[in-house]
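Please walk me through this protein model, from its local backbone features to the arrangement of its sheet and domains, with the cut-offs stated for each term.

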Amino acid sequence: MSPKTAEQYRSQTTPTWCKDCGDYKVLDALTAAMAKLELEPDDTVLTAGVGCASRLPFYTNTYGFHTVHGRALPAAIGTKVANKERTVISVGGDGDGFSIGGNHFIHASRKNPNITYIIMDNEIYALTKGQNSPTSHEDLLTKINPYEVVEDRINPVLMALSFNTSFIARGFCEDQEQLTDMIVQAIKHPGFAFVHVLSPCTQYNLKVTYDSLRKRIKQLPEDHDTSDRIISMKYAMTHEPLYMGIFYKDVRLTLHDKLEHLRGMSLDDIGNPSEYTIQDVMKQFE
Ligand SMILES: Cc1ncc(C[n+]2csc(CCOP(=O)(O)OP(=O)(O)O)c2C)c(N)n1
């Protein structure tokens with residue numbers, strides 16, 4: 001029988017996150033969402049790259065795959081392709097997801113696998129003790145750029161909208177109820193679902209605090225049309241205010257649907273591939 005409470009989805013491992021790290025709250029919301037959906041831990045897989053946020057799978061009692069830096073998504077897609085019955089959720093930080101792993105985000109959006117991707121955005125590389133990330137504010141001076149920042153920041157939600165990611169939401173880790181509901185909807189969404197979570201680091205980015213975020217955020221209007229990508233882009237354009245809520249949803253064929261179609265085609269149109277010899281295949285290249 002699947003667990004009934006969020007606590008029952010936690011592992012015995014004590015998080016190594018710093019005091020008041022936003023990632024604790026993301027873990028709370030994710031496990032609450034798992035409890036709401038009554039996910040079976042044995043049928044649930046979390047994949048992650050490297051970073052403080054990417055440690056999250058250690059703290060749940062599901063299967064977990066701590067991959068290498070930036071590679072949470074390929075592992076998740078492979079897991080889902082191998083077994084579509086599994087609920088697959090990728091987690092990680094803004095550095096992992098948008099810097100070294102940024103290309104995978106583009107291609108996951110194109111493939112549209114039925115997985116969920118939760119990015120805990122603290123606008124810094126925290127595990128490596130404070131370097132600028134792709135989402136860092138242009139004024140954030142750190143030890144790698146003590147005088148001036150020379151790169152612009154990216155806008156994750158706008159980026160996802162431009163890639164036509166099939167579910168896009170943004171939440172604040174302190175708003176547990178909304179974040180839990182967003183994660184529930186993301187997991188239920190048939191396709192690649194991206195949840196951008198504002199999750200402050202209390203050690204290495206003192207410019208992005210719970211208070212400063214609280215002042216910047218604003219809810220999307222209740223009547224926001226989540227099927228309208230252009231309107232969603234307008235809301236996503238601004239960093240001030242930062243709009244919260246579900247920006248966009250589009251139900252279309254998933255990677256699995258397309259692969260099934262392809263499998264069907266190979267049987268109907270060209271016969272059983274196992275009847276082919278290597279010579280038959282080589283002939284096609286003569
Ligand atoms: C190939 C590779 N390059 C660099 C690193 C060092 N490294 C580990 S975590 C990390 C950044 C993590 O930042 P983020 O993903 O934002 O997560 P956070 O720690 O802030 O939660 C870096 C650069 C690494 N482990 N592997």
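Just after helix α1, glutamate 38 takes a positive phi of about 50°; helices (H or I, at least four residues) and strands (E, at least two) are here DSSP runs, numbered from the N terminus. The model is a predicted one, in which local features need pLDDT of at least 70 and side-chain atom pairs count only at pLDDT 80 or more, while totals for chains, interfaces and linings use all residues. Residues are numbered from 1 along each chain as its sequence is written, and side-chain values use heavy atoms, with hydrogens and water left out.

The helix that precedes this residue, α1, comprises 16 residues, which at 1.5 Å a residue should span 22 Å, and its end C-alpha atoms are 23 Å apart, which agrees; the expected span is defined as 1.5 Å times one less than the number of residues. Helix α1 (residues 22-37) lies across β1, β3, β4 (116-121) and β6 (193-198), and runs at about 160° to β4, where axes are lines fitted to C-alpha atoms, for helices over the stretch in contact, and angles run from 0 to 180 degrees between N-to-C directions. Among the buried residues of α1 are Val26, Leu27, Leu30, Thr31 and Met34, with buried meaning under 20% relative accessible area, exposed over 50% and partly exposed in between (1.4 Å probe, protein chains only). An α-helix has 3.6 residues a turn, so residues three or four places apart point the same way. What covers the buried residues of α1 includes β1, β3, β4 and β6, together with the helices α6 (176-188) and α7 (210-216).

The strands beneath this discussion belong to an open sheet of eight, with mixed pairing and the order β2-β1-β3-β4-β6-β5-β8-β7; two strands pair if DSSP finds at least two bridges between them. Strands β2 (63-66) and β7 (217-219) stand at the edges, each with a single partner strand, so one side of each is left without a neighbour in the sheet. From one strand to the next, the twist averages 25°.

Strand β3 can be followed through both of its pairings. Strand β1 (residues 44-48) is joined to β3 (residues 87-93) by five bridges, and the two run parallel, with alanine 48 standing opposite valine 91 in β3. Five bridges also join β3 to β4, again in parallel, and here valine 91 stands opposite isoleucine 118 in β4. Seven of the seven residues of β3 are buried, so this strand is largely enclosed by the rest of the structure. Thr87, Ile89, Val91 and Gly93 point one way from β3, whereas Val88, Ser90 and Gly92 point the other way.

Further backbone features lie in the loops. Asparagine 112, in the loop between α4 (102-111) and β4, has a phi near 55°, a positive value in a residue other than glycine, and at 0% relative accessibility it counts as buried. Glutamate 123, placed in the loop between β4 and α5 (156-162), likewise has a positive phi, of about 60°, although it is not a glycine; at 8% relative accessibility, glutamate 123 counts as buried. Proline 241 lies in the loop between α8 (229-236) and β8 (242-249), and the peptide bond that leads to it from glutamate 240 is cis, with omega near -5°.

Lysine 207 lies in the loop between β6 and α7 and, at 56% relative accessibility, counts as exposed. Not counting residues up to four places away in sequence, lysine 207 touches Asp139, Leu140 and Ser212, contact meaning heavy atoms within 4.5 Å. Lysine 207 and histidine 137 are 70 residues apart in sequence, yet 8.9 Å apart in space, C-alpha to C-alpha.

At the level of the whole chain, the domain assignment gives domain 1 (6-252) and domain 2 (253-286), with bounds that come from an automatic or database domain assignment. The C-alpha centres of the two domains lie 37 Å apart, and ten residues of domain 1 are in contact with seven residues of domain 2. Domain 1 and domain 2 bury about 630 Å² between them, 63% of it on carbon and sulfur atoms, where buried area is the accessible area (1.4 Å probe) that two parts lose on being put together, summed over both. Val81, Lys84 and Arg252 supply 53% of the area that domain 1 buries against domain 2, more than any other three residues.
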